[in-house]
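This report goes through one protein chain and its ligand, from the overall fold to a single helix pair. The sequence and structure are shown first.

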Amino acid sequence: MRITFSLVFGLVVLLWAGGASAQEAALQKGKQVYDYWCATCHGEGPGKPGTTALAAKYKESGLPGLLEARTNLTPQSVRFFIRNGASIMPFFRKTEVSDADVDAIAAYLTRPKPAAPPVAPQAVRP
Ligand code: HEC
């Protein structure tokens with residue numbers, strides 16, 4: 001009984017750890033591809049046309065210009081922009097950025113990020 005429990009527990013831990021590291025590897029791959037193809041325009045600091053354009057585009061809504069800091073991107077929207085481009089952003093062909101690479105970038109950009117600090121609730125006056 002005890003052995004069965006240990007075995008099952010061990011297996012669960014193994015599967016969990018295996019799953020986590022596979023996900024970790026996918027995110028690392030995503031960052032790698034992103035740094036290669038996208039960071040020239042979407043990186044941090046001055047002289048990055050993507051970051052500058054997005055900061056201006058979303059000034060009203062207060063979204064960050066940096067894609068890596070966004071929390072409202074979906075894999076679908078990331079895929080769309082990579083394959084279609086936008087204004088001066090070129091579209092990327094499958095021979096440049098493969099579907100697997102697009103998936104990795106999408107996973108990287110949409111990974112769970114620490115939540116923003118909660119906004120203090122406003123007192124509602126009747
Ligand atoms: C030549 C510079 C350049 C490169 C390279 C580039 N982008 Fe962009 N990207 C831009 C610009 C500029 C915009 C803003 C377009 C606009 O005004 O709507 C943009 C917009 C986007 C948006 C839309 C964000 C939004 O919410 O409106 C996404 C997503 C995006 N890029 C992802 C990527 C990814 C992923 C890569 C790499 C595969 C990449 N870009 C490479 C310049 C670039």
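## Burial and fold

Of the 126 residues in the protein chain, 13% are buried. The model is a predicted one. Its secondary structure consists of five helices and zero strands, giving the pattern α-α-α-α-α along the sequence.

Contacts between residues at least 6 apart in sequence were also sorted by separation. Of these contacts in the protein chain, 59% join residues that are at least 24 apart.

## Shell around the ligand

The shell around the ligand holds 22 residues, and those that come nearest are Cys38, Cys41, Gly50, Ala53 and Met89. Three elements each give two or more residues to this shell: helix H2 (39-42), helix H3 (49-57) and H4. H3 supplies the largest share, with five residues.

By class, the shell around the ligand is made up of 16 nonpolar residues, five polar and one charged.

## Phe81 in helix H4

Phe81 belongs to helix H4, which spans residues 75-84. Is Phe81 buried or exposed? Neither term applies: with 16 other C-beta atoms within 10 Å, Phe81 counts as partly exposed, because a buried residue needs 20 or more such atoms and an exposed one has 12 or fewer.

Once neighbours within four places in sequence are set aside, Phe81 is in contact with Ala86 and Met89. Of these two, Met89 is also listed among the residues that come nearest to the ligand. A further pair involves Phe91: the C-alpha atoms of Phe81 and Phe91 are separated by 7.2 Å, with the two residues 10 apart along the chain.

## Packing of H4 and H5

H4 also packs with helix H5 (residues 99-109), the two axes coming within 9 Å and crossing at roughly 130 degrees. H4 is therefore oblique to H5, since an angle of this kind falls outside the ranges for roughly parallel (under 35 degrees), roughly antiparallel (over 145) and roughly perpendicular (65 to 115). The crossing of the two helices, H4 and H5, is right-handed.

On the H4 side, the contact is made by Pro75, Val78, Arg79 and Ile82. On the H5 side, Val102, Ile105, Ala106 and Leu109 take part. Sorted by class, the contact of H4 with H5 contains seven nonpolar residues, no polar residues and one charged residue.

How values were computed:
Residues numbered from 1 in each chain as written. Predicted model: local features only at pLDDT ≥ 70, side-chain atom pairs only at ≥ 80, totals over all residues. Helix = DSSP H or I, 4+ residues; strand = E, 2+ residues; numbered from the N terminus. Contact = placed C-beta atoms within 7 Å. Near = placed C-beta within 6 Å. Nonpolar A, V, L, I, M, F, W, Y, C, P; charged D, E, K, R; others polar. Axes fitted to C-alpha atoms, helices over the stretch in contact; angles between N-to-C directions. Left-handed = near helix turned anticlockwise from the far one by under 90°.
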